[in-house]
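Here are some exercises to work through with the model open beside you. Try each task before you read its solution.

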Amino acid sequence: MSSLLRLGNDHLMLPDGLTYRSDFLTFDEEGSLLELLDRAAFEPIVMRGVTARRSGLRFGSEVPEWLKPVRERAASFARVRESALVQALVQKYPPGAPIGWHLDYFSYGIVIGVSIGADARMRFR
């Protein structure tokens, strides 16, 4: 069953399974994460032999201390145990880098996206 999202005077239909929370992180929490990420050593992402304009950090079930509160809140938000979130991927998109149409892999069951640092328009199919 789809749900409605209200943005200003607009009501938008969300795809099944999608939930949106504009207040997932506070302004201060977002700022602290951005400061930590500014010091992180992001790795290039290469797909089919081509280096993407974005870069990333990958973590398995053991995430760094600074990411644990985000995973804890994400698990609570999704109503699952933290252990159900088996991987964390942090992607950095510089200005002008596109986020092309894609399908997140279902092999892990749950995908939770937390976007910080800038507004972005998302289109779901």
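Two strands count as paired if DSSP finds at least two bridges between them. Keep that in mind for the sheet exercise, and remember throughout that this is a predicted model.

**Exercise 1. Lay out the chain.**
Work out how many helices and strands the chain has, and in which order the elements come.

Solution.
- Step 1: Start with the count, which gives two helices and five strands.
- Step 2: Now walk along from the N terminus, and the elements read β-β-α-β-β-α-β.
- Step 3: Add the overall figures. The chain has 125 residues, of which 18% count as buried. It exposes about 10300 Å², and carbon and sulfur atoms supply 53% of that area.
- Step 4: Look at how the contacts span the sequence. Among those between residues at least 6 apart, 54% join residues at least 24 apart.

**Exercise 2. Assemble the open sheet of three strands.**
Find the strand order of this sheet and say which strands stand at its edges.

Solution.
- Step 1: Take β3 and β4, which pair in the antiparallel sense over four bridges. One place to see this is valine 46, whose bridge partner in β4 is threonine 51.
- Step 2: Go on to β4 and β5, which also run antiparallel and are joined by five bridges. Here arginine 58 stands opposite leucine 89 of β5.
- Step 3: Put the pairs together, and the order is β3-β4-β5 in an open sheet with antiparallel pairing.
- Step 4: The edges are β3 and β5, because each has a single partner strand; one side of each is therefore left without a neighbour in the sheet.
- Step 5: Finish with the twist, which averages 50° from one strand to the next.

**Exercise 3. Examine two arginines with positive phi.**
Locate arginine 48 and arginine 79, and decide for each whether the residue is buried or exposed.

Solution.
- Step 1: Recall the background: most residues other than glycine have a negative phi.
- Step 2: Begin with arginine 48, which has a phi near 55°. Its place is the loop between β3 and β4. These two strands form a hairpin with two residues between them, and arginine 48 is in the turn.
- Step 3: Apply the cut-off, by which exposed means over 50% relative accessible area. Arginine 48 has 82% relative accessibility, so this residue is exposed.
- Step 4: Turn to arginine 79, which follows α2 and has a phi near 60°. The loop holding arginine 79 runs between α2 and β5. With a relative accessible area of 77%, arginine 79 is exposed.

**Exercise 4. Find the buried face of α2.**
List the buried residues of α2 and explain why they lie on the same side of the helix.

Solution.
- Step 1: The list is Val70, Arg71, Ala74 and Ala75.
- Step 2: Use helix geometry: an α-helix has 3.6 residues a turn, so residues three or four places apart point the same way.
- Step 3: Check the spread around the axis. The buried residues of α2 cover an arc of only 135°, and therefore share one side of the helix.
- Step 4: Ask what that side meets: the buried residues of α2 pack against α1.
- Step 5: Pause at the arginine in the list. Arginine 71 counts as buried because its relative accessibility is 17%, where buried means under 20%. Beyond the residues up to four places away in sequence, arginine 71 touches Ser61, Val63, Glu82 and Leu85.

**Exercise 5. Trace the largest nonpolar core.**
Identify the residues with the most contacts inside the core and the elements that supply it.

Solution.
- Step 1: The core has 15 residues, and those with the most contacts inside it are Leu57, Phe59, Leu67 and Val90.
- Step 2: Map the core onto the elements: α1 (27-38), β4 (50-59), α2 (68-78) and β5 (88-92) each supply at least two residues. The largest share, three residues, comes from α2.
- Step 3: Zoom in on leucine 67. Leaving aside neighbours within four places in sequence, leucine 67 is in contact with Phe59 and Ala88.

Conventions. Residues numbered from 1 in each chain as written. Predicted model: local features only at pLDDT ≥ 70, side-chain atom pairs only at ≥ 80, totals over all residues. Heavy atoms only, no water. Core = buried A, V, L, I, M, F, W, Y, C linked by side-chain atoms within 4.5 Å. Buried < 20%, exposed > 50% of the residue type's maximum accessible area, 1.4 Å probe, protein only. Contact = heavy atoms within 4.5 Å. Arc of directions from axis to C-beta. Axes fitted to C-alpha atoms, helices over the stretch in contact; angles between N-to-C directions. Areas by Shrake-Rupley, 256 points an atom, 1.4 Å probe, with all protein chains shown as cover.
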